[in-house]
Amino acid sequence: STLFPYTTLFRSYIYLHPKGYNYISMSTSIAAFVKERRHMFGLTQVDLAEKSGVGLRFVRELEQGKQTLRIDKINQVLALFGHEVGAQPTNNKEEQ
């Protein structure tokens, strides 16, 4: 199966799965961002899971930087902090 990478807001890669599922290859920046914000707001992982509507296991995997996670679920978590993952155009240095 071929995966097509796109750069995201957090400089990770979004992959379009052949079955139509959206997955993201995690960089530690998203994991660190979520963990930092969770601590900033005094939330436990259980609190974050409940408030965002995802499972505790997902929150743990997200904060540990699991390499493949569903974008829709990542966005559910990030929405609590006023952020989302989205495709960004790459800078084409050849045009300069």
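This report walks through the fold, the nonpolar core, helix α2 and the salt bridges of the chain shown above.

The model is predicted, so local features need pLDDT of at least 70 and side-chain atom pairs count only at pLDDT 80 or more, while totals for chains, interfaces and linings use all residues. Residues are numbered from 1 along each chain as its sequence is written, and side-chain values use heavy atoms, with hydrogens and water left out.

**Overall layout**

Let us start with the fold. The chain holds four helices and four strands, where helices (H or I, at least four residues) and strands (E, at least two) are DSSP runs numbered from the N terminus. Read from the N terminus, the order is β-β-β-α-α-α-β-α. Of the 96 residues in the chain, 33% are buried; here buried means under 20% relative accessible area, exposed means over 50%, and partly exposed lies in between (1.4 Å probe, protein chains only). About 6400 Å² of the chain is exposed, and carbon and sulfur atoms supply 48% of that area. These areas come from the Shrake-Rupley method with a 1.4 Å probe, and for residues only the protein chains shown count as cover.

Contacts, meaning heavy atoms within 4.5 Å, also tell us about the layout. Among contacts in the chain with a separation of 6 or more, 47% join residues 24 or more positions apart.

**The nonpolar core**

In soluble globular proteins, nonpolar side chains tend to be buried together. A nonpolar core is a set of buried Ala, Val, Leu, Ile, Met, Phe, Trp, Tyr and Cys residues joined through side-chain atoms within 4.5 Å. In this chain the largest such core has 16 residues, and those with the most contacts inside it are Val34, Leu48, Phe58, Leu62, Ile74 and Val77. Helices α1 (28-40), α2 (45-52), α3 and α4 (71-79) each contribute at least two residues to this core. Val34 is a good one to click on: beyond its neighbours within four places in sequence, Val34 is in contact with Leu48, Leu62, Glu63, Val77, Leu78 and Phe81.

**A closer look at α2**

Which residues of α2 are buried? They are Gln45, Leu48, Ala49 and Ser52. Seen down the axis of α2, these buried residues fall within an arc of 100°, so they line one face of the helix; the arc is that of the directions from the helix axis to the C-beta atoms. Glu50 and Lys51 are exposed on the other side of α2.

Ser52 has a relative accessible area of 8%. Not counting residues up to four places away in sequence, Ser52 touches Gln76, Val77 and Leu80. The side chain of Ser52 also reaches the backbone oxygen of Leu48 at 2.7 Å. Ser52 and Lys73 lie 21 residues apart in sequence, with their C-alpha atoms 8.7 Å apart in space. Just after α2, Gly53 takes a positive phi of about 80°.

**Salt bridges**

Side chains of opposite charge can pair when their charged atoms come close. A salt bridge is a side-chain nitrogen of Lys or Arg within 4 Å of a carboxyl oxygen of Asp or Glu, and by this rule the count comes to four. Three of these pairs, with their N to O distances, are listed here:

| Pair | N to O distance |
|---|---|
| Glu61 and Arg57 | 3.1 Å |
| Lys66 and Glu61 | 3.8 Å |
| Asp72 and Arg70 | 2.5 Å |

Arg57, Glu61 and Lys66 are linked in a network of salt bridges. Glu61 and Arg57 are four residues apart in helix α3 (residues 56-63), so they are separated by about one helical turn. Is Glu61 buried or exposed? Glu61 counts as buried, at 18% relative accessibility, whereas Arg57 is exposed at 64% and Lys66 is partly exposed at 36%. In the pair outside this network, Asp72 is partly exposed at 38%, and Arg70 is partly exposed at 32%.

Conventions:
Polar contact = N/O pair within 3.5 Å; in protein donor to acceptor, adjacent residues only side chain to side chain.
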